[in-house]
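Got the structure open in your viewer? Let's take a short walk through it, one selection at a time.

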Amino acid sequence: MDLRNECVVLESSPRQISIGDISLSELVSGLPCFSGTSSGATPCLSKRQRGWTFIVSTGTGLDRRDCLIGLFTALLESTANSFLIVDKHTKACIDARANVFLNWAPANSEVRSNAELRAQRLVKIKAAFGMSNSDLARICRISRTQLYKWLSSDESLQLTPANWQRLGDLERIAQDWNELTSSPARDLLNERIHGRTTLISLLASQKLDNGAIRAAIEKLAKTVSSHPLRRDERLHQRGVQPKPLLGELARDD
Amino acid sequence: MPLAGSEKIGQRLHTAGWKSGSVLTPGHARAIESVLQRSGRSPEPLLPGDFLIVVSQTCDIVAPKLETEPYIEVLLVHERDAVDSRKSNLRSTRHISFRARPKGVIYEAHATNRFWVPRELFDEYAPDVNRSLDPKASKRLSAWLGLRYTRPAWPEELVRRLPKPPELEKILKDVSEAVAEIHIAISDANRELPTHEDYRLTVYAIMDADEYRRNRDSREKCTGAFVKLLDLLRQCPGIVVDEDSDLLPGNEFTWQMARMTDQWNLANLTAASEED
């Protein structure tokens with residue numbers, strides 16, 4: 001499997017990988033280009049030497065989870081033949097590819113193409129917030145023309161790891177919003193939260209301030225359902241029923 | 001026929017149960033066969049499996065005075081074993097294939113097989129209740145007939161450049177109820193453009209405002225389908241999709257926008273050259 005051209009959604013897989021006891025869903029949740037709730041964990045350092053890619057834990061102890069996230073990140077970017085996970089303390093080396101991938105065979109239903117996953121993430125963000133394409137392009141920090149390419153089924157378009165990371169982070173924020181409310185932020189995106197800060201300005205900033213964003217969405221989610229009634233809602237309250245649309249009539253078949 | 005008391009005919013037809021979507025019994029249909037006639041042609045003989053459905057509006061069927069509404073319009077339909085997917089769900093303005101009610105009898109018709117029958121010929125007859133259309137099928141049949149007159153006439157060249165209905169249906173099939181309507185604004189809507197010129201389209205998919213606001217899953221599904229629709233349109237040579245195209249909640253699609261757009265459905269893609 002060439003992971004540079006193929007992204008795999010594993011969140012629904014209950015299988016365990018052979019290294020340690022870290023579940024695949026836990027593992028992939030930290031990857032920037034994988035579907036799932038991003039934990040925001042920083043991938044560990046990876047460096048390449050003579051065709052080898054070493055994944056090294058930068059923490060005080062070996063955190064297998066971080067190592068594996070780093071490994072997967074490196075695999076996605078690299079064509080190296082061998083990948084090792086090195087425990088700084090025990091100096092143990094693990095041939096990652098043999099140990100991980102021999103035991104990893106995702107079902108076809110779990111495989112998403114690069115373009116599909118890209119569009120799926122954008123759709124999730126757009127739908128959660130009820131965003132216009134201009135706002136969506138703004139928070140992805142790309143032009144509208146670029147956004148249409150991202151939304152297209154063009155498999156040859158490859159996002160940079162940084163763009164995957166941003167898309168993953170924005171998707172996680174969209175997921176947080178969805179957990180707070182089923183309504184879209186839409187009208188509230190440009191509402192001032194404090195000073196000149198709006199949710200859209202927070203989401204569009206180069207470095208996402210997770211704390212400020214969390215506080216903003218919690219505040220806005222409380223107000224989103226308490227909007228004044230529209231005229232048609234007032235008619236409905238008076239007992240007026242909407243007329244059926246063609247799509248609501250029984251289908252011919 | 002009892003023409004006496006013609007002013008009460010509306011009441012009698014109402015009492016007998018005649019309304020839009022009623023089906024004539026085989027005996028009744030045979031009795032009026034001689035009037036199923038087009039100008040200058042012999043009457044159409046009814047074949048086994050042929051039925052007549054009333055398509056006039058109910059208020060006209062039961063109008064009090066015969067003079068004000070002297071005729072009832074009927075549609076000749078043929079009973080079929082299965083719905084023909086090429087002719088169902090408003091894909092064509094010429095043909096329709098539909099069920100009279102859930103799990104009910106299936107009919108097929110051509111839009112031109114309609115006849116005006118003198119209203120008094122319904123007096124003393126009652127509709128075939130087992131074969132008549134339920135209210136939803138009846139409304140849908142009326143909508144299909146209406147489309148023939150109200151659908152926008154797009155340039156043949158534009159229809160040729162647009163994706164074919166099956167491609168569109170594949171994208172929209174899971175959201176056909178959640179996306180209430182699709183409206184489209186077309187540059188040069190009245191011109192057959194030469195191949196080197198583009199048609200510029202702005203497409204709006206409209207969701208019921210409450211559904212949009214309250215149903216997150218539906219909103220996400222519709223957003224996904226709309227993104228695919230726009231991507232498909234962008235791949236069509238000679239079509240430019242405007243950046244303003246978007247999925248909108250119904251409260252944001254205004255009367256002003258309705259004036260600038262055509263409602264888009266698959267029947268709009270019925271080209272003049274489509275084979276019957």
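Start by selecting strand 6 and strand 7 (residues 239-241) of chain B: the two run parallel and are joined by 3 bridges. To see where they meet, click on B:Tyr199, which stands opposite B:Ile239 in strand 7 of chain B. Keep in mind as you look around that this is a predicted model.

Stay with strand 6 of chain B and add strand 8 (residues 246-249) of chain B. These two also pair in the parallel sense, over 4 bridges, and here B:Met207 stands opposite B:Pro249 in strand 8.

Now bring in strand 5 (residues 179-186) of chain B. Strand 5 and strand 6 of chain B pair in the antiparallel sense, over 7 bridges. Look for B:Glu181, which sits opposite B:Ile206 in strand 6 of chain B. So how many residues of strand 6 (residues 199-207) of chain B are buried? That would be 7 of its 9, leaving the strand mostly covered.

Next, show both chains. Here 28 residues of chain A are in contact with 33 residues of chain B. On the chain A side, helix 4 (114-129) and helix 6 (144-151) each supply at least two residues, and helix 4 of chain A gives the most, with 5. Color that side by class and you'll find 11 nonpolar, 8 polar and 9 charged residues.

Last stop: helix 4 of chain A. Its 16 residues reach 23 Å from first C-alpha to last, close to the expected 22 Å. Because 12 of the 16 are buried, helix 4 of chain A is largely enclosed by the rest of the structure; among the buried ones are A:Leu117, A:Val123 and A:Phe129. Step just past the helix to A:Gly130, where phi is positive, near 65 degrees.

Methods
Residues are numbered from 1 along each chain as its sequence is written. Chains are lettered from A and ligands numbered from 1 in the order in which they are written. This is a predicted model: local features need pLDDT of at least 70, side-chain atom pairs count only at pLDDT 80 or more; totals for chains, interfaces and linings use all residues. Two residues are in contact if their C-beta atoms, placed from the backbone, lie within 7 Å. Ala, Val, Leu, Ile, Met, Phe, Trp, Tyr, Cys and Pro count as nonpolar, Asp, Glu, Lys and Arg as charged, and the others, Gly among them, as polar. The expected span of a helix is 1.5 Å times one less than its number of residues. A residue is buried if 20 or more other C-beta atoms lie within 10 Å of its own, exposed if 12 or fewer, and partly exposed in between; C-beta atoms are placed from the backbone. Two strands pair if DSSP finds at least two bridges between them.
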